[in-house]
Each structure stands twice: as structure tokens, then as C-alpha cells.
Amino acid sequence: MSVQLDSTGENMDESLRIQRFEQIPSSLEFESLIQSTNVPAVFTGCVKDWKAFSKWNPSNGGLDYLQVPLPFSTFIGYCKQRMQNRDFGCANSELESHGLIGSDVEHAEDAPEQIYLAQTPIMNADNEEKVQLETLREDIETPAFLERKALASINLWMNNAQARSSTHYDPHHNLLCVVAGCKQVVLWPPSATPVLYPLPIYGEASNHSSVALENPDFSTYPRAKCAMEHSQKVVLHAGDALFIPEGWFHQVDSDDLTIAINFWWRSNMMSSMEEHMDAYYLRRILKRLTDKEMDQVLHKTSSTIMGDMKRHICELPSNGKADHRGNDLDQACEEADSKEKEVQQKNLLQDLEPIALQVLHEIVSLVHDYINISDHSQLLQSTLIDDSAARVKGECKKFVPANLFHLEDDPVAKILWSLQPSTLQHVFLAMAYNFPRTLEALILHLLSPVGAEVLTRKFDEMDQQITEEDRNKFYQVFYGAFDDQFSAMDAILNGKESFALQAFNNVLNKYVGVNLDGPKPGF
């Protein structure tokens with residue numbers, strides 16, 4: 001019977017699709033075309049020439065052949081009992097977790113209906129004393145494409161009734177060979193780790209998923225709703241083999257009386273990693289995942305936000321005039337402006353395109369929505385002195401959005417994200433010339449972590465589109481609007497770093513299963 005490949009994996013990258021081979025590859029082909037891609041592959045009929053394929057078949061006297069010294073013979077006895085009872089009723093199929101039973105079957109008398117003999121060594125390069133079934137080695141053959149590999153172990157897997165492993169990954173490359181029966185394997189690439197909620201890296205079962213995928217608790221594991229979209233399913237019949245690369249999560253369902261052999265070997269990458277480089281690789285990988293996390297947070301909602309913001313901005317009054325509520329904060333400073341600056345103010349407001357005027361109106365409105373002026377005269381006075389303590393104490397009630405990391409939750413960040421860099425440049429110049437105190441309040445009091453990240457990204461885009469002269473002039477005018485330019489720079493930098501820290505915490509949670517103490521609300 002041929003291997004069946006399921007069509008699951010709606011969001012699966014095409015380069016990660018399971019490969020299928022009707023002909024067994026050579027060692028060189030396997031190394032260069034299959035293992036190097038780190039993508040699973042199925043080899044149809046790979047083990048049909050093994051002695052085990054005929055000798056171990058339970059339907060053809062294979063259980064009598066396998067009845068060797070304890071504890072294995074005890075398990076074989078249960079298998080025989082299962083075959084005898086199979087036609088008289090369905091035994092309770094209790095799902096056992098991968099690796100939890102192992103080769104110890106002494107407790108099976110309490111539950112003889114369901115036994116899973118897991119990872120019983122036929123060969124173990126690191127611990128020969130663990131080998132219990134070396135006598136079966138002569139019935140199996142190492143596939144030709146693995147002959148040059150330094151095998152870590154060869155193991156027997158056998159169940160007397162239907163069984164399911166937990167979802168887990170292996171730290172070695174794995175070739176799973178079905179000798180008798182049938183297995184269904186669901187696989188997820190390492191990139192799907194966040195939706196599978198791995199157990200903490202410091203735990204004994206760190207390579208296992210926290211989620212029971214047959215009955216997931218989405219209130220506890222909300223990302224698991226997308227788990228099957230990233231999965232692929234393959235059904236292996238007797239004689240077939242499946243290459244499972246290291247790091248690929250997999251869940252295995254086995255039919256009654258299924259027998260399988262697996263080969264484990266270390267990957268070239270792990271073998272070539274020098275221990276003194278571990279810290280460097282760790283930092284590089286964490287940095288790359290953190291950058292990716294920040295990109296995903298911004299871009300996963302950007303399309304919807306862009307459309308919503310454009311519709312919202314277009315609904316604002318557009319009468320060719322800017323909203324002058326900012327003058328309440330700024331009129332006390334206007335007398336200090338030079339004649340040249342007054343000309344620039346008029347020209348900037350008159351020359352602003354309609355979308356920029358509307359954005360200016362919206363930003364000024366947001367600032368005034370969040371700043372409650374309790375003493376107008378004292379606030380005006382405080383804006384004229386270089387005293388940050390006096391600025392805060394009693395004059396205004398600040399809105400400090402320090403816990404905003406979601407773009408869709410932050411109205412300021414949404415506006416900034418929706419703008420072209422050139423429009424943002426014109427809006428900020430208009431604010432710097434006309435409403436410097438409003439600009440100051442925006443940056444110092446309303447800029448959230450996600451807002452700071454968006455702002456710096458827009459600044460980077462703008463820098464690429466304008467000349468060095470215009471760039472220098474813009475930043476001179478922008479930061480010149482602040483009584484303390486360094487406080488503005490610190491506000492932007494600190495917000496950006498807070499956003500990156502939350503992204504880093506998310507990476508630890510999603511990929512390592514670790515929550516730092518006192519985490520901020522996650523993405």
C-alpha cells in the first residue's frame with residue numbers, strides 16, 4: 001500500500017512540504033538533497049527487504065518468533081492476549097505519552113489491555129549496558145543512505161493496542177521504519193514552536209508540547225488554534241520509512257500491534273558546533289527571533305489598520321485649516337519666535353496637503369484628550385523653564401501608555417504607522433513650528449513602546465528618502481522644539497527598548513517555554 005500524504009498545513013511554506021521518494025536514495029543523494037534541507041521525507045517500501053518484515057509480522061506467527069527472554073516476552077504475551085481478544089470486543093484504548101512507559105512493563109499486570117513498549121534499545125552507542133534486544137539486530141538492516149552516519153541508537157517501538165505519543169521533537173535526526181502495522185504521523189516544523197507551547201527548557205520533558213492536541217484548552221493555549229494550519233500528516237504502512245529531521249515536532253498514532261524501528265544520529269550542524277561558540281550562537285539566534293517577533297507584531301495587523309486609519313482620517317473635517325487647539329499650550333511661546341520662523345509657520349500650514357492637515361488635527365486632538373490642564377497659567381509657565389519636575393508636578397495629568405505593545409490598541413501608533421514618511425515629516429515640522437508644546441507632550445507623555453518602535457522605523461524610512469541636508473534640518477527642527485532635547489531622545493529610545501524587551505520575553509515564552517518574572521502584557 002502506498003504512503004498517504006494529507007493536505008493539512010494551510011500556512012505551510014512550500015519549501016517545508018514533506019518529500020516522497022519511491023526509489024531509495026544513495027548516501028550522497030540523501031546527504032545533499034534530503035538531510036541538508038532539514039525537511040521530512042518518506043521512503044516507500046524502504047524496509048521490505050528486512051528479515052524482520054516477514055519474521056516479525058504478528059499475522060504470520062511473528063509474535064512467537066519475538067518471544068525472547070524477559071521483560072520482552074512478558075510484553076509479547078500481552079500482545080498475544082490482545083490478538084485473541086480482539087474479535088470479542090474493543091479494549092479500552094488509553095493514550096500513552098511518548099517515552100513515559102519505556103521498556104519497563106512490570107506494571108502491565110494492572111493494565112494489560114494497553115501497553116506501549118517505547119524506545120527499547122537494540123543498539124546504543126553511548127551506553128551498551130542499556131541494550132536489551134541486541135538479539136534482534138540481525139533481523140534489521142541499516143538503510144544504505146545511513147551507512148556513513150555515526151548512529152547514536154537503534155530502538156524498537158511496539159504497542160499491543162492503539163496508542164498515541166505526545167507531541168514532541170527529538171534532538172537527533174530520526175528515521176522511523178514501520179515493520180508491521182500502520183502509523184499516522186503529524187509533523188510541525190520548528191518554526192511552528194510558538195503554537196505548540198513547548199515545556200520549559202529547564203524541565204525534564206523540555207522537548208514536549210504542553211498542549212493536548214486531541215482536546216486543546218484554547219483559553220490557556222490560544223495560539224494552539226492555529227496548530228493544525230502549520231502541520232502535515234503522513235500515513236506509513238508496513239515497509240515504509242519516514243525521515244524526521246531534528247527539531248521537527250511530531251505526534252504518532254499507532255494501530256493495534258504496530259512494530260517499528262528507528263535510527264537516531266546527530267546532525268552535521270550539531271556535530272560541527274564548537275562549545276566555545278555556544279554563547280555567540282545563542283545570542284545571534286535570540287536576536288534574530290526577537291527581530292522577527294517585532295516585525296510580526298507590527299505587520300500582522302498593519303493591513304487592517306492602514307485601511308481603517310485611511311477611512312477614519314478621511315472622515316475628519318477637512319476645511320484647509322489646522323486645528324488650533326494646540327495654541328492653548330503654545331501661545332505663550334509664540335512671542336519668542338523669530339520673524340523667519342513665523343514665515344515658516346505660515347507657509348508650512350498653508351502648504352500642508354489635506355491628508356497632513358487631517359493627521360495634524362487628529363494628533364492634536366489625541367494629545368488634548370489625554371492631557372488634563374488643571375492650571376493653565378502654571379502649565380504655560382512650566383513650559384518656559386527647564387525643570388522637568390515642575391513640569392510634571394500638578395500641572396497636568398499624564399497618560400503613560402507604558403503597557404501598550406499592540407499596534408491596534410494605540411491610536412497614536414496607528415496614525416504614525418499609516419503615514420508615508422514624507423507626510424510624517426511635514427506633520428512633525430508643522431507641529432514643531434506651530435505647536436511645540438503639543439509635540440513635546442506627544443513624545444514625552446503619549447508615546448508608548450509600540451509607538452516608539454513605529455516612530456523610529458518611520459524615521460529610518462524617511463532618512464532613506466531625503467537628502468542629508470534635509471535630514472539634518474528636520475532633526476534640528478524636530479528636537480529643537482523640546483526644552484530638553486535629551487529627554488525627547490531618551491523617551492523614544494526607552495520606549496523602543498521596552499518594545500524590544502517585550503518581544504524578547506515573548507520569544508522566551510513561545511520558543512523556550514519560559515516566562516520572566518513580572519512580564520508585561522504579551523503580544
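The legends below accompany close-up views of a predicted model.

**View 1. Packing of helix α15 against helix α16 in the predicted model.** Helix α15, which covers residues 421-434, and helix α16, which covers residues 436-446, pack with their axes 5 Å apart and at an angle of about 120°. Because angles of 65 to 115 degrees count as roughly perpendicular and those over 145 as roughly antiparallel, α15 is described as oblique to α16. On the α15 side the contact is made by F428, M431, A432, Y433 and N434, and on the α16 side by P436, T438, L439 and L442. Sorted by class, the residues of this contact are seven nonpolar and two polar, with no charged residues.

**View 2. Helix α18 and its surroundings.** Helix α18 has 13 residues, numbered 468-480, for which a rise of 1.5 Å a residue gives an expected span of 18 Å; the C-alpha atoms at its ends are 18 Å apart, so the model agrees with that expectation. The buried residues in α18 include F474, Y475, V477, F478 and Y479. The elements that cover the buried residues of α18 include α15 and α16, the two helices of the preceding view, together with α17 (449-465) and α19 (485-512).

**View 3. Positive phi at N38 and at Q119, neither of which is a glycine.** The phi of N38 is near 60°, and this residue lies in the loop between α1 (27-34) and β3 (41-43). N38 is partly exposed, its relative accessible area being 26%. Q119, by contrast in its setting, lies in a strand, β4, formed by residues 116-124, and has a phi of about 55°. Q119 is likewise partly exposed, with a relative accessible area of 34%.

**View 4. Confidence along the protein, with two stretches where pLDDT stays under 50.** The average pLDDT of the protein is 80, and 75% of the residues score at least 70. Among the elements, strand β10 (residues 241-244) has the highest confidence, at 98, whereas helix α13 (residues 388-392) has the lowest, at a mean of 36. Over residues 89-111 pLDDT stays under 50, and for this stretch the model has 43 contacts beyond four places in sequence. Residues 328-343 also stay under 50, and here the model has 26 contacts beyond four places in sequence. Where pLDDT is low, the predicted coordinates should not be read in detail.

Conventions. Residues are numbered from 1 along each chain as its sequence is written. This is a predicted model: local features need pLDDT of at least 70, side-chain atom pairs count only at pLDDT 80 or more; totals for chains, interfaces and linings use all residues. Side-chain values use heavy atoms; hydrogens and water are left out. Axes are lines fitted to C-alpha atoms, for helices over the stretch in contact, and angles run from 0 to 180 degrees between N-to-C directions. Helices (H or I, at least four residues) and strands (E, at least two) are DSSP runs, numbered from the N terminus. Angles under 35 degrees count as roughly parallel, over 145 as roughly antiparallel, 65 to 115 as roughly perpendicular and the rest as oblique. Contact means heavy atoms within 4.5 Å. Ala, Val, Leu, Ile, Met, Phe, Trp, Tyr, Cys and Pro count as nonpolar, Asp, Glu, Lys and Arg as charged, and the others, Gly among them, as polar. pLDDT is the predictor's confidence in each residue, from 0 to 100. The expected span of a helix is 1.5 Å times one less than its number of residues. Buried means under 20% relative accessible area, exposed over 50%, partly exposed in between (1.4 Å probe, protein chains only).
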